[in-house]
Amino acid sequence: MTYRRFVLAAFAGLPMLTAASFAHAQVAPDAAKTFIDQAGQQLVTIVNGSASTSQKADQLRQLVDQIVAVDQVGDYVLGRYKNVATADQHSQFLALFHQLLSYNITYQIKAYQGITFTVNSASVVGNDTIVDTTITRPGQAPADVGWAVDQVDGAPKIVDVIVAGTSLRITTRNDYASVVTSNGGQVSALLTAMQSQIDRHKAAN
Amino acid sequence: MQKFSSLCVKRSEKSLKTRILGGLAVPCLMLAGLLSGCATAPAQSDTADYQAYIQQNDPIEPTNRVFYNINDTIDRYAFKPIAKGYVAITNQTFRDHVSDFVTNIGEPGRLIYFMFGGKPRDAGTSLVRFVVNSTVGIGGIFDPATSLGYPETDTDFGITLAEWGIPAGPYLYLPVFGPSGARDVFSIPAEYFLTPVEAAPTSTALKAFSYSETALHLVNTRAAFLDPIDQIQATALDPYATFRSLYRQQRASQLQLIDQRDTPTVPDWYSQPAQK
């Protein structure tokens, strides 16, 4: 069970893919639980609603912008290459990162029809407050997902999704770093790969 | 297949290590050695890129990617269609019981790994799980041990070696088996022998059981990862790197969980020493 839950949970968390270890003002566990509970219920309401897929995608994009520190997550994912990128490349990267996040959310809407969301507990781990939840989908084993919450710009925001000790921000960072490394350390190659991915999504939809 | 092995990682390998696949390990490794192409390290003066290269610790990445693509092709045309058919004719409850059954067969092996790794508490948990689930749980089809406070803690010989202080070493992507490493690869031959089936007297019925169990586990595990793996393929810029990252993070997490659960506690019945 452990592994199946791990993997299922890892991708149950993908719509919220985010994270970053930037502004490290901690959020009290109770406040983090309340925040995640409200965010989760909003997510469930949208995903299980009767709106069309495109409408749901728009609603989810707005929700993600509210509850996730997308720019900071993008910077974390870019990692050490933020120092290599030019200012223009950096802003281009963040724009593409927002777009990719939107397309990834859209891709998964249908898969999460019938989702339920339960908040279990919260605790401070390092610089973040981790809220443990259980996500269930019809015909699937329950998935345990941890949400790292941090205080960003004066409000609690999701900065990572953790499943069985596996961080989605680190996974994405390694994914992107591999693209750059495979192309001689050129950030431009990452931007090209991101744009290609977006183009593929557009063609598929 | 690549996907199957990638994410199923240890748990699903519990059955893969059985006799059908276990015998492939050595030839596969030899083949890997023969074909090994090495990744070119960036110049150390290129700090960001060089650090990324060192962190990846994947010196034979070109070869690993070849095997990744081979496994991916096998999966696309064999395992995935079979798994989809399996999902169509079974429900989640059935698949959970199959998973519980296969997990139970692996408990004696885990008991030994924990003992060798100096984890008595975890070893005791594996023993209790095997006894309870094999009896009350009707041969492991059910998992009452978890409800009694004995959840599964996965391990393997690679983890035991890690407990002995042996570093993970370079990343390896093996044909059929998927993600592994210079240390973790030794878990494949070790687990080949550590199953109750292996210890039982040889018989035709036992062989049939063993092959069936292996096949069922293979399909059951691949079925569990149908959606997640599709999502990785669709959303990752470099799925190979994503699977590599997930594998490494999961191994580190597994070690952490084992240490966490092996913490000694004082039984309620034991009189506490007076506080000074």
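These questions and answers walk through a predicted model of two chains, A and B.

Residues are numbered from 1 along each chain as its sequence is written, and chains are lettered from A and ligands numbered from 1 in the order in which they are written. Because the model is predicted, local features need pLDDT of at least 70 and side-chain atom pairs count only at pLDDT 80 or more, while totals for chains, interfaces and linings use all residues.

Reader: What ipTM does the model score?
Author: Two overall scores come with the model. The pTM is 0.81. The ipTM is 0.82.

Reader: Where in chain B is confidence lowest?
Author: Confidence is given as pLDDT, the predictor's value for each residue, from 0 to 100. Chain B averages 82, and 79% of its residues score at least 70. Its high point is strand E1(B), at 96. Its low point, at a mean of 39, is helix H1 (residues 2-16) of chain B.

Reader: How many contacts does the stretch 1-36 of chain B have beyond near neighbours in sequence?
Author: Two residues are in contact if their C-beta atoms, placed from the backbone, lie within 7 Å. The pLDDT over this stretch is below 50. Even so, the number of such contacts in the model is 90.

Reader: How many strands does chain B have?
Author: Helices (H or I, at least four residues) and strands (E, at least two) are DSSP runs, numbered from the N terminus. Chain B has 14 helices. Its strands number two.

Reader: How many bridges pair strands E1 and E2 of chain B?
Author: Two strands pair if DSSP finds at least two bridges between them. E1 (residues 171-174) and E2 (residues 178-181) of chain B run antiparallel. Tyr171(B) stands opposite Gly181(B). The bridges number four.

Reader: Which residue in the hairpin of E1(B) and E2(B) takes a positive phi?
Author: Most residues other than glycine have a negative phi. The hairpin has three residues between its strands. One of its residues has a phi near 70°, although it is not a glycine. That residue is Val176(B).

Reader: Is Val176(B) buried, partly exposed or exposed?
Author: A residue is buried if 20 or more other C-beta atoms lie within 10 Å of its own, exposed if 12 or fewer, and partly exposed in between; C-beta atoms are placed from the backbone. Val176(B) has 19 of them. Therefore Val176(B) is partly exposed.

Reader: Is Asp153(A) buried or exposed?
Author: Asp153(A) sits in the loop between strand E3 (143-152) and E4 of chain A. Its phi is positive, about 55°, although it is not a glycine. It has 10 other C-beta atoms within 10 Å, so Asp153(A) is exposed.

Reader: Which strands stand at the edges of the sheet in chain A?
Author: Five strands form an open, antiparallel sheet in the order E1-E2-E3-E4-E5. An edge strand has a single partner, so one side is left without a neighbour in the sheet. The edge strands of chain A are E1 (116-125) and E5 (166-167).

Reader: Which residue stands opposite Ile162(A)?
Author: Strand E4 (residues 155-163) of chain A is joined to E5(A) by two bridges. These two strands run antiparallel. The residue in E5(A) opposite Ile162(A) is Ser167(A).

Reader: Why do H4(A) and H5(A) count as roughly perpendicular?
Author: Axes are lines fitted to C-alpha atoms, for helices over the stretch in contact, and angles run from 0 to 180 degrees between N-to-C directions. Angles under 35 degrees count as roughly parallel, over 145 as roughly antiparallel, 65 to 115 as roughly perpendicular and the rest as oblique. H4 (residues 70-78) and H5 (residues 87-108) of chain A have axes 10 Å apart. Their packing angle is about 110°.

Reader: How many residues of H4(A) are buried?
Author: H4(A) has nine residues and is mostly covered. Its buried residues include Val73(A), Gly74(A) and Tyr76(A). They pack against H3, H5, E3, E4 and H6 (168-182) of chain A. The buried residues number seven.

Reader: Which residues have the most contacts inside the largest nonpolar core?
Author: A nonpolar core is a set of buried Ala, Val, Leu, Ile, Met, Phe, Trp, Tyr and Cys residues joined through C-beta atoms within 7 Å. The largest has 53 residues. A second, separate core of 13 residues includes Leu174(B) and Tyr240(B). In the largest core, the residues asked for are Ile36(A), Trp147(A) and Val149(A).
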